[in-house]
Amino acid sequence: MHYKHEWFERTLINASAKKTLAEAAPEWVFAHFGAIEKGYDNCQICHARIVKFVAIRNTKNNVYLLIGEDCYDKLLHYLKTQKIETVTLMERRQYIVAIKKYCKKFINASFIAWFKARKRISEEIRKSLTVIEALGYAPSLKAAEELVEYYKAHRRFPLYELLTKQEQYVLRRYPCSPRLPKTLTLNILSEVQNRIREWADQCAEREFQKLEGEQRRKEEERRKKEKLEAQERAQGIFPLRELLTKQERDLLWQYPRRPRLPEKLHKDRLPKVRAIIARWQRVCQQQEARRKEKEQIIWEEKQRKDQIVKEVATTEIEEKIRKQPDQYLKCHFWRGINPTRKIPQWEFKRDWVKYVLDRDDDYDPAEGLVYVEVTREMVPDKVYLVMKLRLEECYDPVTREIKYEWI
Ligand SMILES: [Zn+2]
């Protein structure tokens with residue numbers, strides 16, 4: 001390792017044009033990280049092949065040295081062991097952390113993609129991008145800053161994409177907004193945001209003033225009204241509702257159409273208004289009576305028609321009984337006992353034939369005569385099961401009216 005130390009000394013001293021390492025070392029600063037784009041290069045200290053390197057710069061004569069990463073670390077270690085007081089070079093990791101910390105805010109996939117899609121970029125920027133792709137971070141803090149500056153000054157975004165929800169809300173809330181660019185670069189964003197904030201303040205202030213004005217106006221109107229009312233009261237003019245009794249006021253709401261009455265009047269004119277109300281009430285009552293009378297007539301007419309229709313149904317069933325005496329009957333039932341099952345049942349006897357009602361709960365002696373239809377022969381020529389018929393409303397498809405039928 002001894003020979004490498006000599007190289008460090010010789011290279012630094014030569015490149016600095018100084019006599020001792022102690023004089024030469026402080027002149028050197030970190031310049032940037034780098035990656036050889038094609039093939040390889042040689043370390044300017046040990047001459048080994050290198051792909052990644054660290055560039056250091058002499059601040060006095062602006063000479064650059066490209067050194068392999070390993071060599072850089074060893075050089076740093078060597079300088080420390082030499083107890084040289086003012087060494088400005090720091091560990092690689094420290095530079096990388098600083099660069100990464102700065103880049104974190106802006107440099108992402110979208111950032112890189114935007115640069116890549118850009119046709120005309122400077123050689124400097126192109127080199128920086130190459131290093132970022134090779135190493136994962138920018139060559140130096142300065143290079144990163146330059147990239148970000150360029151990005152902020154050139155990439156255009158749609159306005160709404162960059163605004164906060166609050167700012168978007170302001171622009172929607174106050175539609176005749178200040179004139180703003182549709183697309184903008186990041187470096188003028190804060191200016192645009194300031195304008196939006198100012199605009200929001202202006203609008204809020206205007207709204208506040210308007211509101212205040214409205215309140216003042218309302219207050220004034222109310223005062224005027226009160227004053228006028230007081231004057232009127234002194235002259236004997238009152239609101240109608242105060243002059244009328246509760247009974248009279250309720251009366252005005254009782255019928256749908258109210259008479260036209262003044263809102264305010266002189267108390268001397270009250271009898272005249274009362275006469276109007278009384279007349280109106282009489283008219284309403286007459287109309288009401290006529291309406292009820294009409295309704296009654298209509299109802300009666302309907303009842304009468306209903307009765308006729310029901311009578312028609314009864315005539316029909318009587319006709320059926322005459323034509324099919326074995327099928328239809330008019331009868332009243334007596335309490336009997338089912339001879340096999342020993343349970344009560346409703347039955348009717350005629351000419352040695354017994355008719356049994358199918359449902360025991362379907363008859364009440366108070367009904368008297370009911371119409372029934374034979375549904376089943378239980379003992380031939382002796383016992384028949386019958387079903388009670390009911391007068392039901394049916395729709396007649398021929399006349400398209402409701403009619404009644406015993407079914
Ligand atoms: Zn080397």
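Two strands count as paired when DSSP finds at least two bridges between them, and that is the sense in which this predicted model has an open sheet of 3 strands in the order β1-β4-β5, with antiparallel pairing.

**View A. The open sheet β1-β4-β5, with α6 packed on it.** The 3 strands of this sheet pair in antiparallel fashion. β1 and β5 are the edge strands, each with a single partner, so one side of each has no neighbour in the sheet. On average, and ignoring direction, neighbouring strands are turned by 30 degrees against each other. Zooming in on one pair, β4 and β5 run antiparallel and are joined by 5 bridges; among the residues involved, Ile56 has Leu65 in β5 as its bridge partner. α6 packs on the sheet and touches β1 and β4, and its direction makes about 75 degrees with that of β1.

**View B. Val131, a buried residue of helix α6.** Let us stay with α6 and pick out a single side chain. Is Val131 buried or exposed? Val131 has 20 other C-beta atoms within 10 Å, and 20 or more is the cut-off for a buried residue, so Val131 is buried. Setting aside neighbours within four places in sequence, Val131 is in contact with Phe33, Gly34, Ala35, Ala138 and Pro139. For a sense of scale, Glu263 is 132 residues away from Val131 along the chain, and their C-alpha atoms are separated by 89 Å.

**View C. The largest nonpolar core, with its 28 residues.** Which residues of this core touch the most other members? They are Ile67, Leu75 and Ala138. The elements that each supply at least two residues of the core are α1 (2–16), β1 (28–35), β4 (52–58), β5 (64–68), α3 (69–81), α4 (92–103), α6 (123–135) and α7 (141–154). Of these, α3 gives the largest share, with 4 residues. Both domain 1 (2–90) and domain 2 (97–154) contribute residues, so the core lies between them. Looking closely at Ala138, and not counting residues up to four places away in sequence, you will find that it touches Ile99, Cys103, Ser128, Val131, Ile132, Ala143, Ala144 and Leu147. A second core, separate from this one, has 11 residues, including Tyr328, Leu329, Val372 and Tyr384.

**View D. Strand β14 and its partners β10 and β15.** β10 (residues 328–331) and β14 (residues 370–379) run antiparallel and are joined by 4 bridges. Across this pairing, Lys330 stands opposite Tyr371 in β14. β14 is also joined to β15 (residues 383–388), again running antiparallel, by 6 bridges, and here Arg376 has Leu385 of β15 as its bridge partner. The hairpin of β14 and β15 has 3 residues between the strands, where Asp381 takes a positive phi near 60 degrees.

**View E. The hairpin of β11 and β12.** Strands β11 (residues 334–337) and β12 (residues 344–350) run antiparallel and are linked by 4 bridges. One of the pairs to look for is Trp334 with Glu347, its bridge partner in β12. There are 6 residues between the two strands, and in this turn Lys342 has a positive phi of about 55 degrees.

**View F. Two loop residues with positive phi, His47 and Trp352.** Neither of them is glycine, so they may be worth a look in your backbone plot. His47 lies in the loop between β2 (41–42) and β3 (49–50), and its phi is near 65 degrees. With 11 C-beta neighbours inside 10 Å, His47 counts as exposed. Trp352 sits in the loop between β12 and β13 (353–357) and has a phi near 70 degrees. Trp352 counts as exposed too, with 7 C-beta neighbours inside 10 Å.

**View G. Where the close-ups sit in the whole protein, a chain of 13 helices and 17 strands.** The radius of gyration is 55 Å, well over the 22 Å of the globule rule for 407 residues, so the protein is more spread out than a compact globule. Along the principal axes, the C-alpha atoms fill a box of roughly 150 × 95 × 40 Å. Five domains divide the protein: domain 1 (2–90), domain 2 (97–154), domain 3 (157–235), domain 4 (239–310) and domain 5 (324–406). How far apart are the C-alpha centres of domain 3 and domain 4? They lie 52 Å apart. Buried residues make up 12% of the 407 residues.

Notes. Residues numbered from 1 in each chain as written. Predicted model: local features only at pLDDT ≥ 70, side-chain atom pairs only at ≥ 80, totals over all residues. Domains from an automatic or database assignment. Core = buried A, V, L, I, M, F, W, Y, C linked by C-beta atoms within 7 Å. Contact = placed C-beta atoms within 7 Å. Rg over C-alpha atoms; globule rule 2.2 N^0.38 Å. Axes fitted to C-alpha atoms, helices over the stretch in contact; angles between N-to-C directions.
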